Amino acid sequence: MNLLKIVACAVLFAVTAATAGAQVITQAESLQVGQIYRFELVDGSNRSGILDSVDTDYVYITNLVSGQDKFYRKAVSRARIQILGKNGQFASPHYSRYVFGPSAIPQRKSEVYWNNLLLEANTFQYGLTDNLSVGMGFGLFSTLAGYPLLMPNAKYGVSLNEKHHVAVGAIGLMRFANFSYEGAGALPFAVYTYGGAESQISAGLGWLYDDDLLLNGGGWAMFPTFYAAGSHRVARGWLIGGEFYQLMYNEYDTWPGGTEIPTTQSSTIAMFYGRNIRPSSSWDFAICTVVGPYGDVVPFPLFGYTQRF
């Protein structure tokens, strides 16, 4: 039951962080001239644009599509910092991650993401600074069944300029049976990304550590794992993307006399997906194929939802 408390605390932390870091502004005095905001009005409509000025009666903005605009200050229910593209359309909300893997573009400070895959895998990701983000994932139904999976992760990213980004981090996985610890693994990684939020390609290397997670004896893999991914915005509301992983790990053969000799095995994961995007959320629709070490091929559909707070 202590594990359930850990999971509950992780969820509580993420929800609290989302509330604290949503960048919602309710007082006009806190607005910054030159910043792009999305203003929600009391009649249910909204306005987005660069803030020009605020006086006792009006808020003045420049909308990147329609030009100068103004509305009553008292009509604003709240304002939220908004990222817009150069042509005025909303920016891709999920520049820092693909479906599985990370890009090197750092997650912004105070941004919070909740990601769900196949209803089972839930991950909360929080930007501690403009370079460092941390996250915690857990399996919903596996936890309810007494076989929890915990998935901590962290990423430190740096944008060298508008097009070049580098990051290091680690992805972890802990496995339990009847709420008792059984094994864990970790994948430290380094990744490089070329491009920006609307179009990018990434390549990286990781090194798998397996503490009997795969039930094969564990240890550091003898060869690195390779990772490549990319995405491109093809329409106002759609991205397409793909991911490829060559996962390298150890398998142990027991020789006469009880000596265990490690051999290298690999599995390939390939995925193509379409992502329906909105200003702060997205739906992923993917086809994923896993090729095992002995040539067994397992294709399956994958869907997911992500919400940015």
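At 16% relative accessibility, Arg175 counts as buried, where buried means under 20% relative accessible area, exposed over 50% and partly exposed in between (1.4 Å probe, protein chains only). The model is predicted, so that local features need pLDDT of at least 70 and side-chain atom pairs count only at pLDDT 80 or more, whereas totals for chains, interfaces and linings use all residues. Residues are numbered from 1 along each chain as its sequence is written, and side-chain values use heavy atoms, with hydrogens and water left out.

**Salt bridges**

Arg175 is part of strand β11 (residues 164-177); strands (E, at least two residues) and helices (H or I, at least four) are DSSP runs numbered from the N terminus. The structure holds eight salt bridges, each defined as a side-chain nitrogen of Lys or Arg within 4 Å of a carboxyl oxygen of Asp or Glu. Side chains of opposite charge can pair when their charged atoms come close. Three of the salt bridges, including that of Arg175, are listed below.

| Salt bridge | N to O distance | Burial |
|---|---|---|
| Glu182 and Arg175 | 2.4 Å | Glu182 partly exposed (41%), Arg175 buried (16%) |
| Arg233 and Glu198 | 2.7 Å | Arg233 buried (9%), Glu198 partly exposed (29%) |
| Glu111 and Arg308 | 3.7 Å | Glu111 buried, Arg308 buried |

The side chains of Arg233 and Glu198 meet in a salt bridge. This pair links distant parts of the chain, 35 residues apart: Arg233 belongs to strand β16 (residues 225-235), and Glu198 to the loop between β12 (180-195) and β13 (199-206). In addition, Arg97, Arg275 and Asp284 are joined into one network by salt bridges that share partners.

A salt bridge also connects the side chains of Glu111 and Arg308. Glu111 lies in the loop between β6 (76-81) and β7 (112-117) and Arg308 in strand β20 (residues 297-308), so the pair ties together parts that are 197 residues apart in sequence.

**Nonpolar surface patch**

A nonpolar patch on the surface has about 1,200 Å² of accessible area together, and its residues include Leu118, Phe141, Trp238, Trp283 and Phe303. Patches are made of residues with over 30% relative accessible area and no salt bridge; like charges are joined within 9 Å, and nonpolar side chains (Val, Leu, Ile, Met, Phe, Trp, Tyr) within 5 Å. Accessible areas come from the Shrake-Rupley method with a 1.4 Å probe, and for residues only the protein chains shown count as cover.

At least two residues of the patch come from each of α2 (140-144), β17 (238-254) and β19 (281-291). The largest share, three residues, is supplied by α2. Trp283 is placed in strand β19 and is partly exposed, with a relative accessible area of 38%.
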